[in-house]
Amino acid sequence: MRQLIFALTAGVLLATTPSALAQTVGFADAIKILAASCGKDIESYCKSATLANNQIMQCLDKNQAKVSQKCNADRVTVVALIQERLAAQAAAPKICERDAAQRCKGVKPGAGHILRCLLKAQPSVSEKCNTAIDLAGYR
């Protein structure tokens with residue numbers, strides 16, 4: 001019985017680890033994921049909905065009981081990952097403030113200059129800043 005519990009736990013951890021590592025997605029990747037998992041549902045229940053004003057997501061919400069489990073599960077995951085990306089983008093400047101001050105002296109702020117400097121200085125930038133840049137989708 002212990003081995004079965006260990007095997008199930010290991011299986012769950014292995015199954016969840018890759019998505020846990022992904023942590024954020026951009027809008028383009030989100031659309032690809034949802035097109036793959038919700039395409040048939042959109043075709044069946046939301047033919048007249050458009051991307052404008054979030055009509056497709058609203059339609060899928062309205063038809064949640066009829067939509068496939070995969071689509072419903074991926075919708076929740078994708079929304080969470082986009083929210084994580086947006087939060088990471090908001091947090092990255094503060095997290096990387098010290099690295100920018102140390103590694104990018106003399107670089108004019110604005111227009112992505114500091115970000116480009118930090119990307120070039122990746123090997124010497126702190127792990128925390130590099131992680132923030134990755135989670136923000138800037139690399």
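Which residues line the second largest pocket? We will come to that pocket after a look at how far the model can be trusted and at some of its helices.

What you see is a predicted model, and its confidence varies along the chain. The average pLDDT of the chain is 84, and 84% of the residues reach at least 70. Helix 6, covering residues 113–120, has the highest confidence, with a mean of 96. At the other end of the scale is helix 1, residues 2–22, where the mean is 37, the lowest in the chain. Residues 1–21 have a pLDDT below 50, and this stretch makes 0 contacts in the model beyond near neighbours in sequence. Where pLDDT is low, the predicted coordinates should not be read in detail.

With that in mind, let us turn to a pair of helices. Helix 4 spans residues 69–95 and helix 7 spans residues 127–135; their axes come within 8 Å and cross at roughly 150°. The crossing of helix 4 and helix 7 is left-handed. On the helix 4 side, Arg-85, Ala-88, Ala-92 and Ile-95 take part, and they meet Lys-128, Cys-129, Ala-132 and Leu-135 of helix 7. Sorted by class, this contact holds 6 nonpolar and 2 charged residues, with no polar ones.

Now to the open spaces, beginning with the largest pocket. It encloses about 460 Å³ of space. The lining of the largest pocket is made up of 15 residues, and those nearest its centre are Ile-31, Leu-34, Leu-51, Asn-54 and Met-57. Helix 2 (27–45), helix 3 (55–62) and helix 4 each give at least two residues to this lining, and helix 2 has the largest share, with 6 residues. In character, the lining of the largest pocket has 13 nonpolar and 2 polar residues, and no charged ones.

That brings us back to the opening question. The second largest pocket, with a volume of about 150 Å³, is lined by Ala-92, Pro-93, Cys-96, Glu-97, Ala-100, Ile-114, Leu-115, Leu-118, Ile-133 and Tyr-138. Ala-92 may look familiar: this residue of helix 4 is also among those that meet helix 7. Helix 4, helix 5 (97–103) and helix 6 each contribute at least two residues to the lining of the second largest pocket. The largest share there, 3 residues, belongs to helix 6, the helix with the highest confidence in the chain. By class, the lining of the second largest pocket counts 9 nonpolar residues, 1 charged and no polar.

Notes
Residues are numbered from 1 along each chain as its sequence is written. This is a predicted model: local features need pLDDT of at least 70, side-chain atom pairs count only at pLDDT 80 or more; totals for chains, interfaces and linings use all residues. Side-chain values use heavy atoms; hydrogens and water are left out. Axes are lines fitted to C-alpha atoms, for helices over the stretch in contact, and angles run from 0 to 180 degrees between N-to-C directions. Helices (H or I, at least four residues) and strands (E, at least two) are DSSP runs, numbered from the N terminus. A crossing is left-handed if the near helix is turned anticlockwise from the far one by less than a right angle, and right-handed if clockwise. Contact means heavy atoms within 4.5 Å. Ala, Val, Leu, Ile, Met, Phe, Trp, Tyr, Cys and Pro count as nonpolar, Asp, Glu, Lys and Arg as charged, and the others, Gly among them, as polar. pLDDT is the predictor's confidence in each residue, from 0 to 100. On a 1 Å grid over the protein atoms alone, a cavity is a set of points where a 1.4 Å probe fits but cannot get out, and a pocket is an open set with protein on both sides within 12 Å along at least five of seven lines; lining residues have an atom within 4 Å of a point. Grid points are joined across faces, edges and corners, and a volume is the space filled by probe spheres set on the points.
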